[in-house]
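Colleague: I should like a close look at one part of this model, namely its largest nonpolar core. Please set that part in the context of the chain and of the confidence assigned to it.

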Amino acid sequence: VQRDGLEALATLVAQDAAANDDDDNDDTSKEDDTGGSVIMAVDADEGGIIDAILLAMTRFPSNERLQRNGLMALGDLALKNADRVEIAKRGGIDLVLKAMINFASSQRIQEYACLVFGNLALNDENRLCVGKQGGMDLIVNAMKRFSDAFTLQEY
């Protein structure tokens, strides 16, 4: 979990650094407003790790690698019931849905999203939320699109 989460965060920090280099090369740094808040969130506790992963996924919705790594980390975190509840409470279900929509042709994104939903759905309230937000339709579509992907079918 930590490796996947940190890889997602490393991508976030690298993209922030690249964006800062392109911003007129002035002395005004965005590090305190972006990277610093992510680092502080990770230092806080496991809930901070969830926040950091969700922040990275929110800030970079078109980065497939970051989304994939974020989904892997959320899938691992969602093995614990307390984290299942926190992920859902902090907007994780919506972000997983967005990743599935944005990367509908990526088998790996679809697999990891189904993993997250499978683990989140071990909580009754989360299962209802996933269904109400359209998650079942996306899962069924992914299963049809990638019918030969054993891992996706298993989740």
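Modeller: Read along the sequence, this predicted model follows the pattern α-α-α-α-α-α-α-α-α-α. The chain thus described holds 10 helices and zero strands. Of its 155 residues, 44% are buried. Among contacts between residues at least 6 apart in sequence, 68% join residues at least 24 apart.

The largest nonpolar core has 34 residues, and those touching the most other members are Leu 71, Leu 74 and Phe 117. At least two residues of this core come from each of helix H3 (46–59), helix H4 (64–77), H6, helix H7 (107–120) and helix H9 (135–145). H7 provides the largest share, seven residues. Phe 117 merits separate attention: leaving aside residues up to four places away in sequence, Phe 117 is in contact with Ile 93, Val 96, Leu 97, Met 100, Val 130 and Ile 139.

As to confidence, the chain has a mean pLDDT of 79, with 70% of its residues at 70 or more. Helix H6 (residues 92–102), one of the helices that supply the core, has the highest confidence in the chain, at a mean of 97. The lowest mean, 38, belongs to helix H2 (residues 35–44). Over residues 23–44 pLDDT stays under 50, and for this stretch the model has 19 contacts beyond four places in sequence. Where pLDDT is low, predicted coordinates should not be read in detail.

Turning to the surface, the chain exposes about 8400 Å², of which carbon and sulfur atoms supply 51%.

Definitions and conventions:
Residues numbered from 1 in each chain as written. Predicted model: local features only at pLDDT ≥ 70, side-chain atom pairs only at ≥ 80, totals over all residues. Heavy atoms only, no water. Helix = DSSP H or I, 4+ residues; strand = E, 2+ residues; numbered from the N terminus. Buried < 20%, exposed > 50% of the residue type's maximum accessible area, 1.4 Å probe, protein only. Contact = heavy atoms within 4.5 Å. Areas by Shrake-Rupley, 256 points an atom, 1.4 Å probe, with all protein chains shown as cover. pLDDT = per-residue confidence, 0-100. Core = buried A, V, L, I, M, F, W, Y, C linked by side-chain atoms within 4.5 Å.
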